[in-house]
Amino acid sequence: MKTSAALLVGGSVTAVSAMFLAAKMFSSKSSEKKDLTLEDIDDEYDESEMITPDEVCKIFDDLFMHMQGVISQIGMQVQQLQMQGQTIPDQQLRKLLKQEFDRNLTAKQPEVCEKYGIDEDCFEEATKEFLKLENESVKKAVTRFQKFYENVSGESISSDGGKGEGKSKELLSSEKLLEAAEIYFNALTDSMGEIVQKFKEKGMSLNDPAIVQQLQMQFAAVANEAGEKALDEKMGISTSVFQASIQKHANDPQVGRALAMLQMKQQQDLMALGLPAM
């Protein structure tokens with residue numbers, strides 16, 4: 001991967017001055033550099049060789065699911081330490097998470113691109129171009145991945161400064177933070193419950209790993225929005241304030257234990273819905 005995770009998901013979009021350059025950018029095959037005329041385009045590029053928005057989204061979906069698994073494993077290890085009364089300084093934890101995110105993404109992205117038969121550099125360039133064209137599906141996939149990275153790293157890379165920019169930046173007290181955390185986790189659990197119910201109504205078995213993966217993908221697509229909406233409506237705060245408040249109280253063992261208990265309760269609630277332990 002030739003760009004950092006932050007640049008991949010939050011970098012500025014490069015302008016393209018001509019349609020034939022866009023066609024070249026979308027080509028899924030590496031080609032030798034040579035001068036092209038507009039008359040050459042039909043001969044040089046077949047529609048079957050163009051990267052589509054759907055393919056870009058599928059790559060982001062695969063990367064998102066993989067990285068969720070990586071961070072989930074680390075999170076469970078940290079949770080076990082917190083339950084034992086141990087604490088990891090927030091700066092150290094963020095550094096660890098960011099390093100593992102970057103390392104695993106760097107290793108996984110070429111593998112996923114190869115799975116879909118797409119050149120890695122062309123995937124990155126096509127992503128930028130589709131964002132420039134404001135393709136809704138690609139924009140949604142990138143935004144989801146971007147917010148995931150922000151949650152993990154604690155760094156804001158949103159080009160628009162993030163949602164809730166106009167809201168108060170005053171951080172929450174430990175008591176208010178735990179109240180917000182309960183609201184946030186409940187919103188995610190409720191959102192998952194609605195999706196599970198729809199799957200069950202269709203007769204889809206949660207014992208099938210492929211079905212569970214499909215369910216998790218649908219959940220991931222709405223989770224951030226559900227959490228943001230609940231925090232905004234019930235407490236009038238943005239997720240950036242919520243996350244910054246978690247960082248503020250990261251070294252408070254009581255807060256750590258309380259958050260770990262909320263996470264455990266959420267896991268129990270999800271298992272009660274019929275989901276396997278994650």
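**Exercise 1. Find which residues touch the most other members of the largest nonpolar core, and which helices feed that core.**

Solution. Start with the core itself: in this predicted model, the largest nonpolar core holds 31 residues, and those touching the most other members are Val 56, Ile 59, Phe 60, Phe 101, Phe 123, Phe 145 and Phe 148. Next, look for the helices behind it. Helix H4 (53-83), helix H5 (90-115), helix H6 (120-132) and helix H7 (136-153) each put in at least two residues. H4 is the top contributor, with 11 residues.

Now zoom in on one member. Skip the neighbours within four places in sequence, and Ile 59 is in contact with Val 112, Cys 113, Tyr 116, Ile 118 and Phe 123. Finally, look elsewhere: a separate core of 29 residues includes Leu 177, Ala 187, Val 255 and Leu 275.

**Exercise 2. Describe the overall build of the protein chain: how many helices and strands does it have, and what share of its residues is buried?**

Solution. Count the elements to begin with: there are 11 helices and zero strands. Walk along the sequence and the pattern reads α-α-α-α-α-α-α-α-α-α-α.

Then check burial. Of the 278 residues, 40% are buried. For the outside, the accessible surface is about 15,700 Å², and carbon and sulfur atoms account for 50% of that.

Last, ask how far apart in sequence the contacting residues sit. Take the contacts with a separation of 6 or more: 78% of them link residues 24 or more positions apart.

**Exercise 3. Track down the largest cavity and work out what lines it.**

Solution. Searching the whole structure turns up two cavities of 30 Å³ or more. The largest cavity encloses about 60 Å³.

Go round its wall and you meet Glu 182, Phe 185, Asn 186, Thr 189, Leu 262, Lys 265, Gln 266 and Asp 269. Helix H8 (174-201) and helix H11 (253-272) are the elements giving two or more residues to this lining. Sort the lining by class and you get two nonpolar, three polar and three charged residues.

**Exercise 4. Decide whether Thr 239 is buried or exposed, and list its contacts beyond its sequence neighbours.**

Solution. Place the residue first: Thr 239 is in helix H10 (residues 239-248). Now compare its area with the cut-off, where buried means under 20% relative accessible area. Thr 239 has a relative accessible area of 16%, so Thr 239 is buried. To finish, set aside neighbours within four places in sequence: the contacts of Thr 239 are then Glu 228 and Leu 231.

Conventions. Residues numbered from 1 in each chain as written. Predicted model: local features only at pLDDT ≥ 70, side-chain atom pairs only at ≥ 80, totals over all residues. Heavy atoms only, no water. Core = buried A, V, L, I, M, F, W, Y, C linked by side-chain atoms within 4.5 Å. Buried < 20%, exposed > 50% of the residue type's maximum accessible area, 1.4 Å probe, protein only. Helix = DSSP H or I, 4+ residues; strand = E, 2+ residues; numbered from the N terminus. Contact = heavy atoms within 4.5 Å. Areas by Shrake-Rupley, 256 points an atom, 1.4 Å probe, with all protein chains shown as cover. 1 Å grid on protein atoms, 1.4 Å probe; cavity = no way out; pocket = protein on both sides within 12 Å on 5 of 7 lines; lining within 4 Å. Points joined across faces, edges and corners; volume = space filled by probe spheres on them. Nonpolar A, V, L, I, M, F, W, Y, C, P; charged D, E, K, R; others polar.
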